[in-house]
Amino acid sequence: MNNLRAIDLNLLVVLDALLAERHLSRAAARLNMSQPAVSHALARLRHLLGDPLFRREGGRMVPTLRAQALAPPLAEALAQIRSVLGPNAFDPAAPHVFRLTMSDYGAGLVLPGLMRQLRRIAPEIRLVVTQKSREAMIEAVSEGEADLALGVFPGLPPQLEAELLLTDRYICLLDPAHQPVRSGGLTAEAFWSAPHAHVAVQGDFTTEIELHLKDRGGARRLALILPHWSIAPKVIAGTDLILTVASRAVPAAPEPLIVTAPPVPLPPIPFSAIHARRRKADPALRWLIARLREVVGEEAGTAVA
């Protein structure tokens, strides 16, 4: 190991991809290599390092303790090498696959603008987008099944890092024919007494709103929990339900609904992209996150913090 001239340093690039993807075929696609070639490289790495490096659990490759210990210094070393070679180590003109996971709220925020950008400046890039619960998104990024997850993540394990893209706010939607509103807007009394509709991907009602209100001694009366942001406004039309959602989830209130400010204080909504810390310096991810920042900045009409 001390004689670097006797070692194929490309093996370290393969190891870095395997640690990031935790999947042989995805690592091969990321490296633009055949799956047998990656398998051969892994066999050479195992012999070189004297460790199995990964074990199979179901369809996943789980790193050994030795591989986990190697991940941070390896990622840092490769990042330094890439910085020596130049800031444009990622070529957006080359074929590449990004795997993203997000809710339909996140998809509505970023995908239209992002796809317009990609078709214009990087037509060989392909996106694979899935929708999961928040917990499943965190697991997918941790296990290398997704490059990025986009959404609201109030608590993350130490191996993940969040990059804020924008901060949204809550609004209330209601049908004024069934839930009257005074001239000053929705009252706190009406808010607490009315039935509510709530969006939760997996039917979980303990989201930020509920936790925030519970901490302040209140709880909404939930009459409907549904998984999709986009259909929610249509569901409350013609009912006395109140829907509290992120403002950018509803660009314009469909008739006969109206938008009003929540009569109780609610927390801001930090919309972020999360990724594995071991991939923080990955030039492909840095490029994609920069594009996402441009897209959400354009959608918000303001510079993104």
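## A walk through the fold, starting from strand β12

Strand β12 covers residues 269–276, and 7 of its 8 residues are buried, so this strand is largely enclosed by the rest of the structure. Keep in mind that this is a predicted model.

What pairs with β12? Two strands are described here. Strand β5, residues 148–151, runs antiparallel to β12, and 3 bridges join the two. Within that pairing, A149 has I274 of β12 as its bridge partner. Strand β6, residues 160–168, also pairs with β12 in the antiparallel sense, over 8 bridges. There, E161 stands opposite H275 of β12.

Now look at L150. Which residues does L150 touch, beyond those up to four places away in sequence? Among them are F271, S272 and A273. L150 also touches T101, M102, S103, V110, M137, L165 and L292. This residue belongs to the largest nonpolar core, which has 55 residues. L150 is one of the residues with the most contacts inside that core, along with F98, V110 and L148. Helix α10, residues 283–300, gives the core its largest share, 8 residues. A second core, separate from this one, has 21 residues, including L11, L18, L74 and L78.

Next, turn to helix α5, residues 104–121, and find Q117 in it. Is Q117 buried or exposed? Its relative accessible area is 5%, so Q117 counts as buried, since the cut-off is under 20%. Set aside its neighbours within four places in sequence. Q117 is then in contact with A122, R291, E294, V295 and E298. Look at the spacing of the last four numbers. An α-helix has 3.6 residues a turn, so residues three or four places apart point the same way.

Helix α8 comes next, spanning residues 208–215. Which of its residues are buried? They are E208, I209, E210, H212 and L213. Several elements help to cover them. Two are helices: α6 (134–142) and α7 (188–193). The cover also includes strands β7 (170–174), β8 (195–199), β9 (221–226) and β10 (242–246). Just after α8 comes G217, which takes a positive phi of about 80°.

Another glycine with a positive phi sits in a hairpin. Strand β1 (residues 54–57) and strand β2 (residues 60–63) pair in the antiparallel sense over 4 bridges. R56 has M61 of β2 as its bridge partner. The hairpin has 2 residues between its strands, and G58 takes a positive phi near 65°.

Finally, step back to the whole chain. How many helices and strands does the protein chain have? There are 10 helices and 12 strands. The C-alpha atoms fill a box of roughly 80 × 40 × 30 Å, taken along the principal axes. Of the 305 residues, 46% count as buried. Contacts often link distant parts of the sequence. Among contacts with a separation of 6 or more, 75% are between residues 24 or more positions apart.

The outside can be described too. The protein chain exposes about 15,400 Å², and carbon and sulfur atoms supply 55% of that area. As for charge, the chain has 33 positive and 29 negative charges. The mean positions of these two sets are 5 Å apart.

Conventions. Residues are numbered from 1 along each chain as its sequence is written. This is a predicted model: local features need pLDDT of at least 70, side-chain atom pairs count only at pLDDT 80 or more; totals for chains, interfaces and linings use all residues. Side-chain values use heavy atoms; hydrogens and water are left out. A nonpolar core is a set of buried Ala, Val, Leu, Ile, Met, Phe, Trp, Tyr and Cys residues joined through side-chain atoms within 4.5 Å. Buried means under 20% relative accessible area, exposed over 50%, partly exposed in between (1.4 Å probe, protein chains only). Contact means heavy atoms within 4.5 Å. Accessible areas come from the Shrake-Rupley method with a 1.4 Å probe; for residues, only the protein chains shown count as cover. Lys and Arg count as positive and Asp and Glu as negative; His and the chain ends are not counted. The place of a charge is taken as NZ of Lys, CZ of Arg, CG of Asp or CD of Glu. Two strands pair if DSSP finds at least two bridges between them.
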